[in-house]
Amino acid sequence: MRQWIGVTAVAAGIAAAAIVVPPLLLPDRDESDDSPASVTGKSARPDQPPGSALQPGAGSGAPGSGGASPGPASTAPASPSAPGAFTPIAVQAEDPANRITGGASAVACASCRGGRRVRYMCADCTLTVKVTLPSAGTRTVTVYYEADGNRSIKVRIGGGTARTFPVTGPDWTVPQSLRFTADLPAGEVQLTLFNDDAPAPDLDEIVIA
């Protein structure tokens with residue numbers, strides 16, 4: 001009888017141990033095996049520790065990314081400087097530096113640019129304008145004048161052949177202009193205005209541009 005009681009006690013002890021011991025004998029479980037990586041939006045790079053996200057621009061040379069330093073920004077080559085524009089030169093007909101010959105003379109003129117004009121142009125009555133040009137080139141010459149009908153003016157550049165230009169105007173109080181082109185050299189240039197075979201207009205100003 002005592003033997004059965006002992007056997008029963010041992011069996012009960014073994015059953016109680018079976019309930020408590022198995023959980024202690026189970027192998028430890030690595031809870032990280034099934035846990036997802038803590039990356040927002042993108043997977044971590046293989047060479048980065050778990051949980052670190054791939055930063056935008058990494059390895060691309062972007063500033064602050066730790067990649068290769070960007071090269072200097074490329075700039076377009078500067079265009080060569082354009083030659084300086086020719087500055088127009090204006091000379092009043094009555095300017096003291098000009099040469100007025102014969103019976104030509106300067107008189108007051110309220111409607112003229114400089115307040116005076118040169119009149120009575122003829123064969124020996126000439127106006128010579130002297131200018132100094134910084135460079136040679138084809139220039140536009142403008143002659144401002146006043147006339148009371150159809151007239152003409154001759155222009156000689158340096159020692160060249162004179163060119164004749166017909167002009168017209170309503171009266172002696174309305175300024176008019178004549179334009180023509182000429183190849184002028186650099187340095188001092190002389191323009192002589194006259195008319196040796198027909199009435200000429202009164203001269204106000206000469207502009208070279």
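1. Arginine 139 touches Phe86, Phe180, Thr181, Ala182, Leu184, Ile208 and Ala209, leaving aside residues up to four places away in sequence; contact denotes heavy atoms within 4.5 Å. The model is predicted: local features need pLDDT of at least 70, side-chain atom pairs count only at pLDDT 80 or more, and totals for chains, interfaces and linings use all residues. Residues are numbered from 1 along each chain as its sequence is written, and side-chain values use heavy atoms, with hydrogens and water left out.

2. Arginine 139 lies in strand β6, residues 137-147. Arginine 139 is buried (under 20% relative accessible area, 1.4 Å probe, protein chains only). No salt bridge (a side-chain nitrogen of Lys or Arg within 4 Å of a carboxyl oxygen of Asp or Glu) is formed by arginine 139. The nearest side chain of opposite charge, that of aspartate 183, is 8.3 Å away; Lys and Arg count as positive and Asp and Glu as negative, while His and the chain ends are not counted.

3. The chain contains one helix and 11 strands, as DSSP runs (helices H or I, at least four residues; strands E, at least two), numbered from the N terminus. Buried residues amount to 27% of the 209 residues.

4. An open sheet of five strands has the order β2-β5-β10-β7-β8, with antiparallel pairing (pairing requires at least two DSSP bridges between two strands). Its edge strands, β2 (99-100) and β8 (163-167), each pair on one side only.

5. Within this sheet, β5 (residues 127-133) and β10 (residues 187-194) pair in the antiparallel sense over seven bridges. Leucine 133 stands opposite glycine 187 in β10.

Conventions
Buried means under 20% relative accessible area, exposed over 50%, partly exposed in between (1.4 Å probe, protein chains only).
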